[in-house]
Amino acid sequence: MKQHVKHYSIAVVALLAILIAGGAVFVYSGVYNIGADDHHTRPVFAILQALRERSIHARSEHIVVPNLEDPQLILKGAGQYAAMCTDCHLKPGMSDSEIRPGLYPQPPNLSQVRVDPKDAFWIIKHGIKMSAMPAWGTSHEDPAIWSMVAFLQKLPDMTPQQYKEMVAKAPPDEDMDMGDEDGGHSHSHGGDEAEGHHQGEAGSMAQADEGHAHEASPAAQPELSREGLTPRAAPDAEAAAQAFHGALQRGDRTVVLGMLAPEATLTEDGQTQSRETYAADHLAEDIAFLKHATVVPLWMGSMPMGDIAMVGSEARITPTRDGKPRVLRSHERLTLKKYGSAWKITAVQWQSAPEETTP
Ligand code: HEC
């Protein structure tokens with residue numbers, strides 16, 4: 001019995017030694033061709049492919065995907081993609097590049113294939129070992145990577161012309177500190193932006209908040225900017241936005257709710273709510289507030305993007321009921337989606353702040 005075990009162990013150890021020695025000979029002899037132009041055999045390629053897929057999936061599974069339909073995010077991604085990815089992944093109307101044919105594995109043509117957002121985020125952030133795909137996470141923050149993911153979802157549907165126009169409008173690559181904590185820029189109005197309100201109790205709330213406005217983390221909320229928006233770029237989406245404003249000011253609940261898509265979200269000064277919550281609660285407050293206020297539209301601009309569009313606008317709101325009215329500057333950004341021939345609003349963002357009074 002004991003003898004058996006002994007023989008068996010010796011055999012196992014001998015076999016292992018042979019395998020290790022064989023491996024060492026294989027590695028040190030140089031027989032393996034590491035050249036990128038010498039492709040893997042089919043079974044090896046299949047194993048590597050499975051390994052790649054499982055590894056990525058296991059790591060990307062629990063990633064939470066943000067709203068990828070935000071046109072400003074998509075636009076930012078267009079700029080990033082054009083600057084960093086086209087040599088390897090091509091673009092609409094480009095059939096090959098100088099570098100791509102020599103790469104192995106060959107980078108997929110991302111103007112033709114759509115990659116799952118979670119996988120894409122993970123791959124762009126971490127790269128893929130022993131391939132030419134770099135880990136962009138070493139030089140880019142997550143929001144910048146999400147912008148590329150958002151853009152990649154749209155890319156396969158784009159014509160060369162649409163691609164060119166979008167890239168031309170995109171903000172430059174450096175612009176990726178989405179309202180971060182660099183005090184200088186956010187301070188000019190960021191402190192005020194985080195407080196203030198759209199609703200009835202606006203005046204008193206804003207005043208009460210004044211004391212700790214600076215601790216109220218203006219950084220949490222990137223300011224709604226005019227970036228990428230042009231007046232009348234999407235006239236019918238702008239008309240829909242105006243109809244929405246008109247209905248709010250008239251207090252026409254049915255039209256307001258009719259224009260909000262079922263999945264719509266509304267974000268007022270950083271607080272996001274669903275359409276249902278808004279209908280049950282804040283809508284009445286907004287209507288009551290606007291009933292006793294004058295609204296002067298100051299600016300409107302839009303960005304079309306196939307069946308979605310964004311409309312940004314600014315207005316001056318002067319409450320007419322309170323003793324000493326506090327003039328508010330409100331910023332709005334609507335994301336709209338075309339359902340058949342009608343635009344519906346899928347996201348509303350509102351920010352308002354007391355208007356800076358010029359002496
Ligand atoms: C130097 C060439 C190179 C550059 C530049 C490059 N990639 Fe890649 N990328 C690759 C290669 C090669 C692969 C395939 C790797 C593999 O399958 O093992 C890949 C894979 C990907 C994938 C996964 C595709 C799929 O079908 O699973 C995504 C997504 C991706 N890259 C996005 C990007 C983005 C976004 C950029 C620009 C920020 C970029 N890449 C820049 C070479 C590159």
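This report describes the surroundings of the ligand, one helix packing and a set of paired strands in a predicted model.

The ligand is surrounded by 22 residues, and the closest of these are Cys85, Cys88, Pro107, Ser131 and Met133. Helix H3 (71-84), helix H4 (86-89) and helix H5 (117-126) are the elements that each give two or more residues to this shell. By class, the shell around the ligand holds 18 nonpolar, 2 polar and 2 charged residues.

Helix H5 also packs against helix H2, which covers residues 42-60, at an angle of about 100° and with the two axes 9 Å apart. Because angles of 65 to 115 degrees count as roughly perpendicular, H2 is described as roughly perpendicular to H5. On the side of H2, the contact is made by Ile56, His57, Arg59 and Ser60, while H5 brings Lys118, Asp119, Phe121, Trp122 and Ile123. Sorted by class, the contact of H2 with H5 has 4 nonpolar, 2 polar and 3 charged residues.

Further along the chain, strand E5 pairs with strand E4 and with strand E6, as the table sets out.

| Strand pair | Direction | Bridges |
|---|---|---|
| E4 (residues 308-319) and E5 (residues 328-339) | antiparallel | 10 bridges |
| E5 and E6 (residues 342-354) | antiparallel | 12 bridges |

Single bridge partners can be named within these pairs: arginine 316 has arginine 329 in E5 as its partner, and serine 330 has serine 352 in E6 as its partner. Between the strands of the hairpin of E5 and E6 there are 2 residues, and in this hairpin glycine 340 takes a positive phi near 65°.

Terms used. Residues numbered from 1 in each chain as written. Predicted model: local features only at pLDDT ≥ 70, side-chain atom pairs only at ≥ 80, totals over all residues. Near = placed C-beta within 6 Å. Helix = DSSP H or I, 4+ residues; strand = E, 2+ residues; numbered from the N terminus. Nonpolar A, V, L, I, M, F, W, Y, C, P; charged D, E, K, R; others polar. Axes fitted to C-alpha atoms, helices over the stretch in contact; angles between N-to-C directions. Parallel < 35°, antiparallel > 145°, perpendicular 65-115°, else oblique. Contact = placed C-beta atoms within 7 Å. Pairing = 2+ DSSP bridges.
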